[in-house]
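Let's take a friendly walk through a protein chain. Have a look at its sequence and its fold, and then read on.

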Amino acid sequence: MATKKAATAQNALKPLETAVSAGQETVETVVKANSDATAKQYEQTVALTKDQMEKVSAMVFQSYDELFQLNKANTDALMSATNTFAKGVESIGTELMAITKGSFENNVAIAKKMMGAKNFQEVIDLQSDLTRASFDKALAQSAKLTELSVKVANETFEPLQATFQATVE
């Protein structure tokens with residue numbers, strides 16, 4: 001009876017063993033196919049890279065002087081643009097500081113006026129005037145900062161654009 005149960009158990013495991021074996025063969029086939037494909041791609045990539053490097057090296061050595069001059073011009077243009085940008089940012093910072101200082105002084109003056117108000121209607125009128133004046137001033141300052149920013153951007157890109165034009169020609 002025990003032998004019969006063992007034989008039945010072994011017979012029950014045979015389809016599982018067959019499936020595992022087939023799965024293992026499939027995995028081995030896929031791994032081998034991928035390995036072969038990867039090796040072939042690697043060889044092609046190395047050959048292509050070698051060809052491209054030879055072409056690039058030849059081009060670099062042929063036009064080294066041109067490249068050096070171009071890099072020098074690009075570096076000079078970049079330095080000029082950087083200096084212009086730094087000066088522009090400084091002028092924008094100075095303008096922002098002036099706006100902040102003016103705003104602070106204006107707020108102190110308005111606070112003094114509000115403290116001296118004799119009634120609630122006078123406070124409302126002062127607040128209304130403050131709001132209108134603040135809005136007008138904000139628009140004017142925004143326009144001035146925008147104009148200054150555009151000027152800085154244009155001046156910054158002038159040397160870069162000139163170098164680009166020279167390079168294209």
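## Before we start

Helices here are DSSP runs of at least four residues, numbered from the N terminus. With that in hand, you can follow the labels below. Please keep in mind that this is a predicted model.

## The overall layout

How many helices and strands does the chain have? There are 3 helices and 0 strands, so the pattern along the sequence reads α-α-α, each run being a helix. Helix α1 spans residues 2–62, helix α2 covers residues 64–115, and helix α3 takes in residues 120–168.

The chain has 169 residues, and buried ones make up 9% of them. It exposes about 13900 Å², and carbon and sulfur atoms supply 63% of that area. If you take the contacts with a separation of 6 or more, 79% of them join residues 24 or more positions apart.

## How confident is the prediction?

The mean pLDDT of the chain is 81, and 86% of its residues reach 70 or more. Which of the elements has the lowest mean pLDDT, and which the highest? Helix α1 has the lowest, at 73, while α3 has the highest, at 87.

## A small nonpolar core

The largest nonpolar core consists of 5 residues: Ile92, Ile99, Leu145, Leu148 and Val152. Two elements, α2 and α3, each give two or more residues to this core. Helix α3 gives the most, with 3 residues. As a general background, nonpolar side chains in soluble globular proteins tend to be buried together.

Leu145 is a good core member to click on. Leaving aside residues up to four places away in sequence, Leu145 touches Ile92, Glu95, Leu96 and Ile99. Two of these names, Ile92 and Ile99, also appear in the core list.

## Glu95 and its partners

Is Glu95 buried or exposed? Glu95 is found in helix α2, and it counts as buried because its relative accessible area is 18%, which falls under the 20% cut-off. Beyond residues up to four places away in sequence, Glu95 touches Lys144, Leu145 and Leu148. Glu95 and Leu148 are 53 residues apart along the chain, yet their C-alpha atoms are separated by 9.2 Å.

The side chains of Glu95 and Lys144 also make a polar contact, at 3.3 Å. This pair forms a salt bridge, with the closest N and O atoms 3.3 Å apart. Glu95 lies in helix α2 and Lys144 in helix α3, so the pair ties together parts that are 49 residues apart in sequence. Unlike buried Glu95, Lys144 counts as partly exposed, at 46% relative accessibility.

## Two salt bridges within helices

How many salt bridges does a search of the whole structure find? The search finds 3, and the Glu95 and Lys144 pair is one of them.

Another joins the side chains of Lys72 and Asp76, at 3.2 Å from N to O. These two residues sit 4 residues apart in helix α2, so about one helical turn separates them. Lys72 is partly exposed, with a relative accessible area of 43%, and Asp76 is also partly exposed, at 41%.

In helix α3, the side chains of Arg132 and Asp129 meet in a salt bridge of 3.3 Å, N to O. Arg132 and Asp129 are 3 residues apart, which is about one turn of the helix. Asp129 is partly exposed, with a relative accessible area of 44%.

## A buried threonine

Finally, take a look at Thr156, which lies in helix α3. Why does Thr156 count as buried? Its relative accessibility is 8%, and buried means under 20%, so Thr156 meets the cut-off.

Which residues does Thr156 touch, not counting those up to four places away in sequence? They are Ala81, Thr84 and Phe85.

Technical notes: Residues are numbered from 1 along each chain as its sequence is written. This is a predicted model: local features need pLDDT of at least 70, side-chain atom pairs count only at pLDDT 80 or more; totals for chains, interfaces and linings use all residues. Side-chain values use heavy atoms; hydrogens and water are left out. Buried means under 20% relative accessible area, exposed over 50%, partly exposed in between (1.4 Å probe, protein chains only). Contact means heavy atoms within 4.5 Å. A polar contact is a pair of N or O atoms within 3.5 Å; within protein, one must be able to donate a hydrogen and the other to accept it, and residues adjacent in sequence count only if both atoms are side-chain atoms. Accessible areas come from the Shrake-Rupley method with a 1.4 Å probe; for residues, only the protein chains shown count as cover. A nonpolar core is a set of buried Ala, Val, Leu, Ile, Met, Phe, Trp, Tyr and Cys residues joined through side-chain atoms within 4.5 Å. pLDDT is the predictor's confidence in each residue, from 0 to 100. A salt bridge is a side-chain nitrogen of Lys or Arg within 4 Å of a carboxyl oxygen of Asp or Glu.
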